[in-house]
Amino acid sequence: MWKGRFAQKTADLVQQFGESISFDWRLYKHDIRGSIAHARAQVKAGILTQEEFEKIEAGLKAIQERVEKGEFELSTELEDIHLNIESALTADIGPTGAKLHTARSRNDQVATDTRLYCREEIDEITRLVVQLQKALLSQAEKHAEDPIPGYTHLQRGQPVTVGHHLLAYVEMLSRDISRLADTRKRLNVSPLGSGALAGSTINLDRKAIADELGFDDVTNNSMDAISDRDYLAEILFNLSLIGAHLSRLSEDLILWSSAEFHFVTLSDAHTTGSSLMPQKKNPDVSEITRGKTGRLYGNLMALLTAVKGLPLTYNRDLQEDKEPLFDSIDTIVLTLKVNAEMVEAMTIHTGNCAKAAADPMLLATDLADWLVREGVPFRQAHDLVGRAVAESIATNTPLNQLDLTQIDPAYKPEANAVFDLATALRARTNPGAPSPDNVKAEIERWHAAIG
């Protein structure tokens with residue numbers, strides 16, 4: 001494509017080093033779609049006749065069909081998907097194909113293709129996040145009232161319900177969807193027409209091209225449009241945070257499925273065994289999810305590092321944006337699919353959860369609240385309950401079986417009523433708290449929100 005300037009053929013190692021067709025081939029349908037819109041604008045500008053446009057459009061659609069059937073031969077000598085398609089088009093329809101690149105550069109071409117690709121993938125990832133939300137919501141609905149310990153520092157803290165715990169992840173994923181939508185809105189502007197960096201003296205109708213491609217607007221600065229990779233960094237950050245949320249869910253499920261907790265049994269279809277120990281049932285999906293989160297973080301760091309020192313406008317370093325992007329998207333898509341399936345199929349052992357939640361220590365804070373309602377300042381109440389806890393541990397007596405009146409006159413016999421777990425959960429009625437009624441209301445709200 002640049003042989004007029006060079007006297008020597010590009011070295012084989014340089015071709016091997018610089019090619020991107022091995023990974024950017026997946027932009028083919030977006031490249032073809034952008035080219036058709038570009039060609040249509042060329043007709044309006046008098047660069048192409050209607051007949052030439054129709055030849056180009058038919059030729060591009062035929063190439064897309066060949067790619068999708070696996071009949072399109074990709075050439076590393078042509079470096080990328082853009083040149084591969086243009087070269088094939090010219091070979092198929094003759095000199096008319098060589099007119100297609102008028103008033104554009106591979107710089108604005110790849111920027112357009114990537115935005116179209118990201119927009120499509122954001123929509124698919126959003127759909128998969130909703131599927132995981134639905135799986136969590138289904139389990140939360142089954143266990144809206146079932147008590148389970150809530151933890152801080154991985155130590156039992158206060159009682160919640162299984163439904164409340166699972167809805168916490170639904171909330172996290174909702175924020176992920178919101179971030180994806182925000183990124184989608186910001187990236188949905190068309191850079192096509194920015195050329196290599198300064199547009200072209202052949203002015204095509206950029207707004208008409210943008211409208212055809214479903215963009216909300218066009219970019220306002222050709223130099224920024226060519227070099228902007230902010231939206232890719234945003235996407236990779238969003239996917240990294242989804243990974244973080246999935247990793248936290250994974251850690252809960254790994255703990256819950258252990259013999260020490262036995263709150264959950266993951267299905268045989270979503271676990272693996274051991275090559276040596278016949279009794280093993282391993283939560284590999286959750287462990288791999290936890291591991292792949294580091295991969296998502298690494299891809300984000302790779303992109304940020306690639307762009308951090310680049311002068312305006314395009315530099316070949318930017319070719320390094322594709323592989324981290326494609327890898328993160330592939331990773332999160334599969335991870336979301338398998339986790340949704342696994343959550344839907346898992347069994348929650350409500351008896352074991354309830355047994356753990358029946359630990360009277362979980363209601364120590366409720367006892368302090370009871371003292372406060374009796375007029376004891378909270379710091380003093382905290383100290384009095386701490387003394388009761390210390391006595392319970394020292395005498396190996398359950399907290400709810402102590403004679404609290406022997407610890408301090410502030411206690412009265414009716415103080416022990418706080419140790420009724422069902423009553424304690426029902427009392428947590430503040431918005432966001434885990435009373436069964438609150439949890440059921442939240443489940444209804446989420447059903448309405450996500451369908």
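**Close-up views of a predicted model**

**View 1. Two cysteines tucked away from the surface.** C118 has a relative accessibility of just 1%, so C118 counts as buried. This is a predicted model, by the way. C353 goes a step further down the scale: its relative accessible area is 0%, so C353 is buried too. The cut-off behind both calls is a relative accessible area under 20%. And if you're hunting for disulfides, a search of the whole structure turns up zero.

**View 2. L325 and its neighbours in the largest nonpolar core.** This core has 81 residues. I125, L136, I242, L325, I332 and L336 are the ones with the most contacts inside it. Zoom in on L325 and, leaving out residues up to four places away in sequence, you'll find it touching T114, Y117, C118, L232, I235 and L236. So C118, the buried cysteine from View 1, turns up again here as a contact of L325. Another core, of 21 residues, lies apart from the largest one, and its members include L363, A368, V385 and L404.

**View 3. A look into the largest pocket.** There's about 720 Å³ of space in here. The lining takes 30 residues, and Y151, V160, H164, H165 and A168 are the closest to the pocket's centre.

**View 4. Who builds the pocket wall?** Which element gives the most to the lining of the largest pocket? That's α7, with seven residues. At least two residues each come from β1 (147-152), β2 (155-161), α7 (162-187), α10 (230-256) and α17 (436-450). Sorted by class, the lining has 14 nonpolar, ten polar and six charged residues.

Key
Residues are numbered from 1 along each chain as its sequence is written. This is a predicted model: local features need pLDDT of at least 70, side-chain atom pairs count only at pLDDT 80 or more; totals for chains, interfaces and linings use all residues. Side-chain values use heavy atoms; hydrogens and water are left out. On a 1 Å grid over the protein atoms alone, a cavity is a set of points where a 1.4 Å probe fits but cannot get out, and a pocket is an open set with protein on both sides within 12 Å along at least five of seven lines; lining residues have an atom within 4 Å of a point. Grid points are joined across faces, edges and corners, and a volume is the space filled by probe spheres set on the points. Helices (H or I, at least four residues) and strands (E, at least two) are DSSP runs, numbered from the N terminus. Ala, Val, Leu, Ile, Met, Phe, Trp, Tyr, Cys and Pro count as nonpolar, Asp, Glu, Lys and Arg as charged, and the others, Gly among them, as polar. A disulfide is a pair of cysteine sulfur atoms within 2.5 Å. Buried means under 20% relative accessible area, exposed over 50%, partly exposed in between (1.4 Å probe, protein chains only). A nonpolar core is a set of buried Ala, Val, Leu, Ile, Met, Phe, Trp, Tyr and Cys residues joined through side-chain atoms within 4.5 Å. Contact means heavy atoms within 4.5 Å.
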